[in-house]
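These are my notes for a colleague coming to this entry without background. Please read them with the sequence and the coordinates open beside you.

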Amino acid sequence: MAPEFLLEQLGLLGVFIAGATPWLEAVVVIPVGIAFGLSPVWTMVWALLGNASTIVLFAVLSERIMAGMARRRERKGLSREPDARLERAQKIFIRYGVFGMAVVGPLIIGTQIAAAIAVSLGVSVWRSSTIVTLGAVVWGVAAGMITWAIVA
């Protein structure tokens, strides 16, 4: 096995792990990986797979946390209705929706947080994960293609 091949494989593993790291988005990891000489296509694929894996994880965890909070409120005899902060967040979310989260998530709040917020505001785990992941893919591929064109 050639040392270059092993280095590239380790680099792509690093890209996957970095892409999966919250707030270290694929849109940032992809240009860095390409700039370091990794295969642009494989860099995009592995960074986006890493990012997608934690988007789903955060969405599932958000659903479980919200369900647990609702059960706890119910046990304490409190209303299951949202508080003022959650109502404000819901109004903002209603205005921009999960598609807005998918567009701004990779750039402002992070895709994982965008998916978690969407789920906490009533979007299904599947829908939230899918739409936010598609947003990450669009931004990631755009960043990769621009970097590839500059570096090439």
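1. Charge comes first: the chain carries 12 positive and 8 negative side chains, and the centres of these two sets are 13 Å apart. Please keep in mind throughout that this is a predicted model, and that the values below are computed from it.

2. As for secondary structure, the chain contains six helices and zero strands, and from the N terminus on its elements accordingly read α-α-α-α-α-α.

3. On overall dimensions, the C-alpha atoms of the chain fill a box of roughly 65 × 30 × 20 Å when the principal axes are used as the frame.

4. Turning to the surface, the chain exposes about 9,200 Å², and carbon and sulfur atoms supply 71% of that area. Of the 152 residues of the chain, 37% count as buried.

5. How do the contacts spread along the sequence? Among those in the chain that link residues at least 6 apart in sequence, 74% join residues at least 24 apart.

6. One residue deserves a closer reading, namely leucine 49, which has its place in helix H3, the element that covers residues 40-75. Is leucine 49 buried, exposed or partly exposed? Its relative accessible area is 43%, and because buried means under 20% and exposed means over 50%, leucine 49 is described as partly exposed.

7. Finally, leucine 49 can be set against tryptophan 139: the two residues are 90 residues apart in sequence, while their C-alpha atoms are 14 Å apart in space.

Technical notes:
Residues are numbered from 1 along each chain as its sequence is written. This is a predicted model: local features need pLDDT of at least 70, side-chain atom pairs count only at pLDDT 80 or more; totals for chains, interfaces and linings use all residues. Side-chain values use heavy atoms; hydrogens and water are left out. Helices (H or I, at least four residues) and strands (E, at least two) are DSSP runs, numbered from the N terminus. Buried means under 20% relative accessible area, exposed over 50%, partly exposed in between (1.4 Å probe, protein chains only). Contact means heavy atoms within 4.5 Å. Accessible areas come from the Shrake-Rupley method with a 1.4 Å probe; for residues, only the protein chains shown count as cover. Lys and Arg count as positive and Asp and Glu as negative; His and the chain ends are not counted. The place of a charge is taken as NZ of Lys, CZ of Arg, CG of Asp or CD of Glu.
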